[in-house]
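Trainee: I have a new model open and would love to talk it through with you. Could we go over it together, one question at a time?

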Amino acid sequence: MTNMLKGIAFCLLLFFSSVLGSIFLMGSTLPFLLISPRVFRAINDRLMWLWMLFCVALTEIFMGSQVKVFGESFSPNDRSLVIMNHRTRLDWLYLWNALFRFNSLHRFKIILKDDLKCIPGFGWAMQVAIFIFLQRRWDVDRPFLEKFIQYFFQQNYRTSILIFPEGTDFNEKSRKRSDDYVAKMNAKILEDNATSNTVSRIPKLLRRYEYCLIPRTTGFNFMLQQMRDFKCIDAVYDITVGYGENIVHAESDLIWGKYPKAIHFHLQRHDASTLPTNENSLSEWLEEKWSNKEDFLKEYYEHRTFMRELNPATNFSLRQRLSLYAATAFWLIMIAIWLISLVYSCYARYFFLLMCVVYVVVGKFFGGMDSLIINRSLRHEHY
């Protein structure tokens, strides 16, 4: 019962902070988009960072999840592409806890499914923060990604972008699709090899995974090449996440008080200059990393920990701990003020309704606040 109450409180606090924050804080900054897109970007990066701190505090201090980081450190100065296995629908939320330890949150972006951008609060805030939403139609997503990278380049924006090469979270349905794909592709490889008239080496068959899914290489290859073309990438971070106990598959699990008691991350940094430039070789590089990740995760779930050296940044510094308490106090006070204002102030209610209409209209007719912000910023830089 206690866990359920904590879970409900956790979800309500995230919901109210995201909805009210995206309206009263981010909504108030929209005039800066007309005056100076760079100032607008800087302000909203800090607002998003402040909300991320609140999420980190709720996960570790309120819910009691223990986060450990193994392997190398994450540099806040790197312009990077981050690849990670997608064990649950909330991996991106828990990753913030790891990145907070390296002071790398305020310019961190995530590639997400397009249907998430319409969620009131969470989706609105992520639109303004320039998270990347894809429709899973390459003819639509490709020019969209090109525009995003161009935006980051023109803004001289040192960002880190998380991409899940598996495309979806690990569950029974997605695992079956992955296994079916492996069986289909291996049958095709063997058939092509059997009908070939040339003498060739034994073909390399795809591996069937038990702890992750087959990675899709198209999006990763394209993002890396685009960031290379615009000279805005320093490194690729390969992150593996494992859950010690109580794997949370979906947001609804949190409401019932089910939350991970232990969340472990392993980080490995690859200098971008060391990665292959040929597309086929780059695909093979990613597939090899995922094969290694499968072995790594098998070892992890046998021992419920990564058998590697613990990163010193795992333990909070005094300054980091104080910042979490400060962020928590800020959001709790502001949520109370906003709710009271909505009850007693007609101006607060008018502004609330106005911003709801703005987010809905912009989403329907302009593709979302993210598209509006990028188009406005690119035109501003052009002139």
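Trainee: How many disulfides does the count come to?

Mentor: Good place to begin, and keep in mind that this model is predicted. A disulfide needs a pair of cysteine sulfur atoms within 2.5 Å. By that rule, the count comes to zero.

Trainee: Which cysteine sulfur is nearest to that of Cys11, and how far away is it?

Mentor: Cys11 is in no disulfide. Its nearest cysteine sulfur belongs to Cys55, at a distance of 11 Å.

Trainee: Why is there no bond between Cys356 and its closest cysteine, and is Cys356 buried or exposed?

Mentor: The closest cysteine sulfur to that of Cys356 is in Cys118, and at 14 Å this is too far for a bond. As for cover, buried means under 20% relative accessible area. Cys356 has 17% relative accessibility, so Cys356 counts as buried.

Trainee: Turning to the surface, which helix gives the most to the nonpolar patch?

Mentor: The patch has an area of about 630 Å² and is made by Ile8, Leu12, Phe15, Phe16, Ile255, Trp256 and Leu339. Four residues of the patch come from a single helix, the one spanning residues 2–25. The biggest contributor is therefore helix H1.

Trainee: How does Phe15 count by relative accessibility?

Mentor: Phe15 has its place in helix H1 and is one of the patch residues. Between the 20% limit for buried and the 50% limit for exposed lies the middle class. Phe15 has 37% relative accessibility, so it counts as partly exposed.

Trainee: What span does helix H3 reach from its first C-alpha to its last?

Mentor: Helix H3 covers residues 37–62, which is 26 residues. At 1.5 Å a residue, 38 Å is expected, and the model comes close to that. Just after H3, Gly64 takes a positive phi of about 85°. The span of H3 itself is 36 Å.

Trainee: Is Asp139 buried or exposed, and how far is it from Thr59 in space?

Mentor: Asp139 is found in helix H6, residues 138–154. Its relative accessibility is 56%, so Asp139 counts as exposed. Asp139 and Thr59 are 80 residues apart in sequence, and their C-alpha atoms are 38 Å apart.

Trainee: Last one: what radius of gyration does the protein chain have?

Mentor: The chain holds 13 helices and seven strands, and its C-alpha trace spans about 80 × 55 × 35 Å along the principal axes. Of its 383 residues, 51% count as buried. A compact globule with 383 residues would have a radius of gyration near 21 Å, which agrees with the chain's 22 Å.

Key: Residues are numbered from 1 along each chain as its sequence is written. This is a predicted model: local features need pLDDT of at least 70, side-chain atom pairs count only at pLDDT 80 or more; totals for chains, interfaces and linings use all residues. Side-chain values use heavy atoms; hydrogens and water are left out. Helices (H or I, at least four residues) and strands (E, at least two) are DSSP runs, numbered from the N terminus. The expected span of a helix is 1.5 Å times one less than its number of residues. Patches are made of residues with over 30% relative accessible area and no salt bridge: like charges are joined within 9 Å, nonpolar side chains (Val, Leu, Ile, Met, Phe, Trp, Tyr) within 5 Å. Accessible areas come from the Shrake-Rupley method with a 1.4 Å probe; for residues, only the protein chains shown count as cover. A salt bridge is a side-chain nitrogen of Lys or Arg within 4 Å of a carboxyl oxygen of Asp or Glu. Buried means under 20% relative accessible area, exposed over 50%, partly exposed in between (1.4 Å probe, protein chains only). The radius of gyration is taken over C-alpha atoms; the globule rule is 2.2 Å times the number of residues to the power 0.38.
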